[in-house]
Amino acid sequence: MAACMKFTQRVWKSFIDTKGHDAQCFPNLRILRVRPGVVETALEIQPFNCPCSTVHGGLLLSLTDTLGSLAIASRGHYMTGVSTDVCTSFVRPAGKAGDTLFGKATLTSLGRQLAYTRIDFTNSNGELVAYGTHTKYVGKSATDPKNVKFSDDGEMIVEGESAND
């Protein structure tokens, strides 16, 4: 498994282990593919995600936040910063219980202070159902000792230490 994928999965596990919002809303989120700056996921929609027969928009907004953070993690940031802006636009119903919702998070810019991401959500037919943007302050998290740097292809860690799995 590529180092970038392994690292991003470790960050996701840390989100779940805190037993916070992510663990309550989408504990079954699967990370399908990762390369530096891009994370692709799948989520089987659960009945509790659909209070009115279709996915609640709050789930998509929460996923915008979380997947934006994972896109930052895919560039080697263990601590992914603090949200300064999160926005989600809803294009069509995202599905009902039992359907699969796909997310693709892309890190569009990573500076010394701010990171910008875009997240596209599609259904199993590949139709866009929503998209979002997420801005995070990463100034303090950029120096976290658990951060790493990857080779351009994400296959290897070239700076920093990998955790024992």
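Trainee: Which elements do the buried residues of α1 pack against?
Mentor: This is a predicted model. The buried residues of α1 are Ala3, Cys4, Met5, Phe7, Thr8, Val11, Trp12 and Phe15. Their packing partners are α2 (21–25), β1, β2, α3, β7 (149–150) and β8 (157–159).

Trainee: At what angle does α1 run to β1?
Mentor: Helix α1 covers residues 3–17 and strand β1 covers 30–35. The helix lies across β1 and β2. Its direction relative to β1 is about 135 degrees.

Trainee: How far apart are the end C-alpha atoms of α1, and what span should its 15 residues have?
Mentor: Take 1.5 Å a residue, multiplied by one less than the number of residues. For the 15 residues of α1 that predicts 21 Å. The end C-alpha atoms agree with this, because their separation is also 21 Å.

Trainee: Which residue just after α1 takes a positive phi?
Mentor: Helix α1 ends at residue 17. The positive phi, about 55 degrees, comes just after it. The residue is Lys19.

Trainee: Which element supplies the largest share of the largest nonpolar core?
Mentor: Nonpolar side chains tend to be buried together in soluble globular proteins. Here the largest such core has 37 residues, and Leu63, Leu70, Leu101 and Phe121 have the most contacts inside it. Contributors of at least two residues include β4 (100–110), β5 (114–122) and β6 (128–137). The largest share, eight residues, comes from α3.

Trainee: Which residues does Leu70 touch, leaving out those up to four places away in sequence?
Mentor: Leu70 is among the residues with the most contacts inside the core. Thr8, Val11, Trp12 and Phe15, which it touches, are also buried residues of α1. The full set is Thr8, Val11, Trp12, Phe15, Leu29, Ile31 and Val39.

Trainee: Is Thr117 buried or exposed?
Mentor: Thr117 sits in strand β5. Beyond its neighbours within four places in sequence, it contacts Gly68, Ala71, Ile72, Thr106, Leu107, Thr108, Gly132, Thr133 and His134. Its relative accessible area is 4%. The cut-off is under 20%, so Thr117 counts as buried.

Trainee: Which strands stand at the edges of the sheet, and why is one side of each left without a neighbour?
Mentor: Six antiparallel strands form an open sheet, ordered β1-β2-β4-β5-β6-β3. Each edge strand has a single partner, so one of its sides has no neighbour in the sheet. The edge strands are β1 and β3 (82–90).

Trainee: Which residue is the bridge partner of Thr41 in β4?
Mentor: Strands β2 and β4 are paired in the antiparallel sense. Seven bridges join them. In β4, the partner of Thr41 is Gly103.

Trainee: What is the N to O distance in the salt bridge of Asp17 and Lys13?
Mentor: Residues three or four places apart in an α-helix point the same way, because there are 3.6 residues a turn. Asp17 and Lys13 both lie in α1, four residues apart. Asp17 is partly exposed at 44% relative accessible area, and Lys13 is partly exposed at 49%. Their N to O distance is 2.6 Å.

Trainee: Is Glu40 buried or exposed?
Mentor: Glu40 meets Arg35 in a salt bridge, 3.9 Å from N to O. Arg35 is partly exposed, with a relative accessible area of 42%. The value for Glu40 is 17%. That is under the 20% limit, so Glu40 is buried.

Terms used:
Residues numbered from 1 in each chain as written. Predicted model: local features only at pLDDT ≥ 70, side-chain atom pairs only at ≥ 80, totals over all residues. Heavy atoms only, no water. Core = buried A, V, L, I, M, F, W, Y, C linked by side-chain atoms within 4.5 Å. Buried < 20%, exposed > 50% of the residue type's maximum accessible area, 1.4 Å probe, protein only. Contact = heavy atoms within 4.5 Å. Pairing = 2+ DSSP bridges. Axes fitted to C-alpha atoms, helices over the stretch in contact; angles between N-to-C directions. Salt bridge = Lys/Arg side-chain N within 4 Å of Asp/Glu carboxyl O.
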